[in-house]
Amino acid sequence: MKHFDIKTHIYFGENSLDRLADIPYRNALLVADKFVVSSGLIHLITVRLQQNEVAWQVFDDVVPDPPLEKIGLGAQAVLKQRPDVLIAIGGGSAIDSAKAIREVSLQLEPSYARPALIAIPTTSGTGTEVTSFSVVSDPENCRKMPLVSDSMLPDEAILDAELVKSVPPSVTADTGMDVFTHALESYVSTNNTEFSAALAEKAIEIVGSFLLRSYLDNNDTHARQKMHVASCLAGLAFNTASLGLNHGMAHQLGSHFHIPHGRANAMLLPHIIEYNSDISKYSRSKTEYPKHVRKYATVARTLGLQNFNTVTTVRALSNWTQFMMKEMDMPLSISETGLCTKEEYFEQIPAMVRAALEDACTATNPRKPTPEDVTRLYAELW
Ligand SMILES: NC(=O)c1ccc[n+]([C@@H]2O[C@H](COP(=O)([O-])OP(=O)(O)OC[C@H]3O[C@@H](n4cnc5c(N)ncnc54)[C@H](O)[C@@H]3O)[C@@H](O)[C@H]2O)c1
Ligand SMILES: [Fe+2]
């Protein structure tokens with residue numbers, strides 16, 4: 001038996017932040033990174049809380065790839081203040097932190113009444129405002145792992161594109177490619193259903209039309225609104241269908257080399273598409289293809305990449321991912337990031353391979369990877 005639920009109430013479109021003037025809570029802890037506070041973005045939230053006479057405090061010790069230590073500090077802040085709502089404002093790092101902070105504080109003190117969680121994304125990328133995933137890091141062991149539990153689902157998500165206007169082009173590129181990876185991986189996941197596929201197809205269509213526009217013009221409000229919705233649609237898709245090897249491998253690039261999450265996903269995409277479909281530039285056509293390969297061809301067609309046959313169509317999809325990265329000035333390989341030497345990178349491959357194979361996302365990849373496959377894929381990425 002299968003099921004499909006959307007637990008999170010989603011408020012979206014112009015003025016959706018006004019929902020904060022109606023929330024039924026009285027005591028809020030805002031969870032944000034330092035940028036959201038220093039840029040003044042947080043005032044868009046607090047002014048509405050003030051109208052609604054909601055008291056608030058701020059926990060702003062959120063950092064990218066949230067480490068367990070910061071989750072512990074956040075839980076202490078929660079137990080000191082005892083809010084009836086946590087409001088997470090920021091990119092995936094802030095929202096994931098708030099999800100984990102709520103769980104840890106409840107584990108530390110089971111008698112504390114469960115606070116609500118409102119997620120307000122300021123990037124159009126992770127979709128975490130509607131997922132039961134929280135990706136946290138254990139820097140001591142160089143691990144980044146998705147925690148997965150329905151109890152982490154936010155109660156409300158507010159998608160107001162006003163908050164993403166300030167996103168710089170490089171973050172638009174990284175997060176936009178994360179949206180595409182969520183939609184694509186969920187679409188070919190072994191757990192996909194008609195419901196997740198419908199959400200993924202719409203997200204892919206929007207990315208194809210609006211990601212470059214958002215990248216090229218920060219003030220293209222229409223494109224930004226569309227990408228904000230696409231991010232959430234892709235989140236809903238992978239929340240039910242899960243992801244695949246692309247994310248399983250990308251998490252390790254984040255924990256070992258701090259490559260931004262969406263950038264790591266984008267670099268891997270052409271390699272994973274070719275690996276999963278077993279189609280490279282040397283491939284000849286076959287009479288039959290597995291279902292997920294036909295699905296890659298469907299995605300290519302959705303993007304307007306109709307081509308001669310299945311091999312050339314899937315190749316066109318792989319080329320499109322690289323085209324998008326070049327258009328958005330993204331590095332195509334680890335060496336181009338300049339973040340480590342070749343020796344430093346290759347030294348970490350065995351540990352990354354082990355962790356990628358254990359990563360919860362890898363389990364639903366349409367092709368079951370071996371340690372040798374993953375080793376080769378990491379090596380190719382250099
Ligand atoms: N839980 C999930 O379902 C899920 C899914 C995918 C990714 N993730 C995780 O989310 C994290 C990545 O999130 P992200 O890509 O949103 O990046 P992020 O939250 O780490 O933010 C990236 C940078 O953008 C800045 N930023 C955020 N909003 C901004 C704005 N409006 N204007 C200007 N700058 C802004 C931040 O300060 C930060 O410096 C990773 O840890 C990843 O593993 C979680
Ligand atoms: Fe992601």
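This report describes the domains, the sheet, the helix packing and the ligand surroundings of one protein model. The model is predicted, and every value below is computed from it.

**Two domains**

The protein is divided into domain 1, residues 9–166, and domain 2, residues 170–381. Taken over C-alpha atoms, the centres of domain 1 and domain 2 are separated by 27 Å. Domain 1 gives 28 residues to the contact, and domain 2 gives 33 residues. On the side of domain 1 that touches domain 2, at least two residues come from each of strand 1, strand 6, strand 7 (143–148) and strand 8. Strand 7 has the largest share of that side, with five residues. Sorted by class, the side of domain 1 that touches domain 2 holds 13 nonpolar, ten polar and five charged residues.

**The open sheet**

Strands of a sheet pair through backbone hydrogen bonds, either parallel or antiparallel. Here, six strands form an open sheet with parallel pairing, and their order is 1-8-5-4-2-3. The edges are taken by strand 1 (9–12) and strand 3 (55–62); each has a single partner strand, so one side of each is left without a neighbour in the sheet. On average, neighbouring strands of this sheet are turned by 20° against each other, direction ignored.

The table lists three of the pairings, with one bridge from each.

| Strands paired | Sense | Bridges | One bridge pair |
|---|---|---|---|
| Strand 2 (27–33) and strand 3 | parallel | six | Val31 and Phe59 of strand 3 |
| Strand 1 and strand 8 (156–159) | parallel | four | Ile10 and Ala157 of strand 8 |
| Strand 5 and strand 8 | parallel | two | Ile118 and Glu156 of strand 8 |

Strand 8 thus appears in two rows of the table: it is joined to strand 1 by four bridges and to strand 5 by two bridges.

**Helices against the sheet and against each other**

Helix 4 lies across strand 2, strand 3, strand 4 (85–90) and strand 5 (116–121). Its direction makes an angle of about 160° with strand 4.

Two packed helices are described by the angle between their axes and the distance between the axes. For helix 9 and helix 11 (residues 310–327), the angle is about 175° and the axes are 9 Å apart. Angles over 145 degrees count as roughly antiparallel, and helix 9 is therefore roughly antiparallel to helix 11. On the side of helix 9, the contact is made by Ala266, Leu269, Pro270, Ile273, Glu274 and Ser277. Helix 11 contributes Val314, Leu317, Ser318, Thr321, Gln322 and Met325. By class, this contact of helix 9 with helix 11 has seven nonpolar, four polar and one charged residues.

**The surroundings of ligand 1**

There are 31 residues around ligand 1, and those that come nearest are Phe35, Gly91, Gly92, Ser93 and Thr128. Two or more residues of the shell are given by each of helix 4 (92–108), strand 6 (133–138), helix 5 (169–188) and helix 9 (261–277). Helix 4, which also lies across four strands of the sheet, gives the most to this shell, with four residues. By class, the shell around ligand 1 has ten nonpolar, 17 polar and four charged residues.

Which domains supply the shell around ligand 1? Domain 1 and domain 2 each give at least three residues to the shell.

Key
Residues are numbered from 1 along each chain as its sequence is written. Chains are lettered from A and ligands numbered from 1 in the order in which they are written. This is a predicted model: local features need pLDDT of at least 70, side-chain atom pairs count only at pLDDT 80 or more; totals for chains, interfaces and linings use all residues. A residue is near a molecule or strand if its C-beta atom, placed from the backbone, lies within 6 Å of it. Ala, Val, Leu, Ile, Met, Phe, Trp, Tyr, Cys and Pro count as nonpolar, Asp, Glu, Lys and Arg as charged, and the others, Gly among them, as polar. Domain bounds come from an automatic or database domain assignment. Two strands pair if DSSP finds at least two bridges between them. Axes are lines fitted to C-alpha atoms, for helices over the stretch in contact, and angles run from 0 to 180 degrees between N-to-C directions. Two residues are in contact if their C-beta atoms, placed from the backbone, lie within 7 Å. Angles under 35 degrees count as roughly parallel, over 145 as roughly antiparallel, 65 to 115 as roughly perpendicular and the rest as oblique.
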